[in-house]
Amino acid sequence: MKKHRQGKIVGEAKRKKLLEQPSLEALKARRMEMVSLFQELNIDFSQPGFYDQPNFVAHEQRDKRFAENYAEWVLLRERDQHYDAHVQAIVPQVTEILQRRIVQHNWHGACISMTAILTRILDRLGIWNIPVRGSASVYAEGASRHFAIIDQNEGTGFDTGHMWVIAPPYDVIDVTLHYQRWQGDGFQRHVPPIILGKGLATVKARAQDVIAPELRSQMPHDSDIHYKVFPDQRRVLEKFPAKRFISGSTDIRYVPGDVSLPDLPLERINEGARAGVPGIRVWTDDILPTLGTTA
């Protein structure tokens with residue numbers, strides 16, 4: 001996925017008051033709706049990765065949006081302190097393992113394969129998570145860089161935007177933004193090698209967060225133009241809101257565009273290994289020796 005640069009941040013509006021969060025009653029009602037839906041479709045929703053079940057796959061093939069039901073369940077399912085503590089003990093270890101692999105193999109620009117590997121590993125470790133495709137924009141020192149989902153596609157082997165993982169209580173898990181194809185751009189130093197964001201602020205997605213600067217400059221100066229260019233954006237953000245990760249003076253905006261569940265098992269992810277290693281090797285060589293009793 002490719003990067004765009006932009007100069008000074010122009011006319012950034014004052015932060016608007018965030019929309020009220022849904023009531024506990026509304027969340028409970030939606031949770032019960034989802035339980036009824038999965039039961040009606042004979043889908044066992046008790047374990048992470050249930051999107052592989054034939055009944056789930058069949059419905060997803062008929063309706064791409066059906067994947068959002070899995071993602072919603074990950075966000076809405078009830079969690080306890082023991083589970084959250086387990087996630088916070090395991091996730092940092094897994095992300096450090098993946099980061100070492102990226103550095104070892106000079107595995108840059110691998111957000112698609114690495115996000116799929118991370119998702120499958122967390123599934124195996126019993127950690128509920130959502131792989132997300134969307135836009136990531138980095139703002140620092142009056143300048144910015146953009147991995148925008150609304151962009152010109154460079155063809156086979158490239159895709160627009162960025163990918164990351166949500167795994168409550170983590171709002172953002174990102175091991176690849178620092179290792180995108182920065183091509184010597186010193187702005188890379190503003191992005192932490194590993195991003196683990198909890199309790200992040202929900203923010204309003206702006207056109208500059210979603211549309212590549214080159215394309216934005218050719219469009220009308222409409223603050224809501226991204227909703228017109230990408231009509232599904234508003235609906236997606238109602239379920240999966242944009243988040244803001246702050247690291248020192250760096251402001252990174254993550255704006256979901258869609259849920260991107262992996263369609264390959266871990267054994268087949270990056271199996272050709274033109275860059276890096278097959279996903280299953282990360283599991284057998286790195287995860288099991290480190291987290292064997294947990295795995």
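Colleague: By class, what residues make up the lining of the second largest pocket?

Modeller: In this predicted model, the lining of that pocket has 19 nonpolar, 12 charged and 8 polar residues. The lining comprises 39 residues, and those nearest the centre of the pocket are Ile112, Ser113, Ala116, Met163 and Ile269. The space in the second largest pocket is about 990 Å³.

Colleague: Which elements each supply at least two residues of that lining?

Modeller: Four elements do so: helix H2 (54-62), helix H5 (111-124), strand S2 (130-140) and strand S9 (250-259). The largest share comes from H5, with 5 residues.

Colleague: How should one read H5 itself, and how many of its residues are buried?

Modeller: One may begin with the span. The 14 residues of H5 should cover 20 Å at 1.5 Å a residue, and the end C-alpha atoms are 20 Å apart, so the two values agree. As for burial, H5 is mostly covered, with 12 of its 14 residues buried. Among them are Ser113 and Ala116, both of which also belong to the residues nearest the centre of the second largest pocket. The buried residues of H5 also include the charged side chains Arg120 and Asp123.

Colleague: Which residues of H1 are buried?

Modeller: The general idea is one of periodicity: an α-helix has 3.6 residues a turn, so residues three or four places apart point the same way. In H1, the buried residues are Arg31, Met34, Val35 and Phe38. Seen down the axis of H1, these buried residues fall within an arc of 105 degrees, and therefore line one face of the helix. The face turned away from that buried side carries the exposed residues Glu25 and Glu40. H1 has 17 residues and reaches 24 Å from first to last C-alpha, close to the 24 Å expected.

Colleague: How many salt bridges does a search of the whole structure find, and how far apart are the closest N and O atoms of Arg30 and Glu33?

Modeller: The search finds 22 salt bridges. For Arg30 and Glu33, the closest N and O atoms are 2.9 Å apart. These two residues are separated by about one helical turn, because they are 3 residues apart in helix H1 (residues 24-40). Both are partly exposed: Arg30 has a relative accessible area of 24%, and Glu33 has a relative accessibility of 46%.

Colleague: Which parts of the chain does the salt bridge between Glu68 and Lys239 link?

Modeller: Glu68 and Lys239 form a salt bridge whose closest N and O atoms are 3.1 Å apart. This pair links distant parts of the chain, with Glu68 in helix H3 (residues 67-76) and Lys239 in helix H9 (residues 233-239), 171 residues apart. Glu68 counts as buried at 6% relative accessibility, whereas Lys239 counts as partly exposed at 31%.

Colleague: Are Arg101 and Asp286 buried or exposed?

Modeller: Arg101 is buried, at 6% relative accessibility, and Asp286 is buried as well, at 16%. The two form a salt bridge, with the closest N and O atoms 2.7 Å apart. Arg101 lies in helix H4 (residues 81-104) and Asp286 in helix H10 (residues 279-291), so the pair ties together parts that are 185 residues apart in sequence.

Colleague: Which residues are linked in a network of salt bridges?

Modeller: The network links Arg30, Glu33, Arg65, Glu68, Glu72, Asp232, Arg235 and Lys239. Two pairs discussed above belong to it: Arg30 with Glu33, and Glu68 with Lys239.

Methods
Residues are numbered from 1 along each chain as its sequence is written. This is a predicted model: local features need pLDDT of at least 70, side-chain atom pairs count only at pLDDT 80 or more; totals for chains, interfaces and linings use all residues. Side-chain values use heavy atoms; hydrogens and water are left out. On a 1 Å grid over the protein atoms alone, a cavity is a set of points where a 1.4 Å probe fits but cannot get out, and a pocket is an open set with protein on both sides within 12 Å along at least five of seven lines; lining residues have an atom within 4 Å of a point. Grid points are joined across faces, edges and corners, and a volume is the space filled by probe spheres set on the points. A salt bridge is a side-chain nitrogen of Lys or Arg within 4 Å of a carboxyl oxygen of Asp or Glu. Buried means under 20% relative accessible area, exposed over 50%, partly exposed in between (1.4 Å probe, protein chains only). The expected span of a helix is 1.5 Å times one less than its number of residues. The arc is that of the directions from the helix axis to the C-beta atoms.
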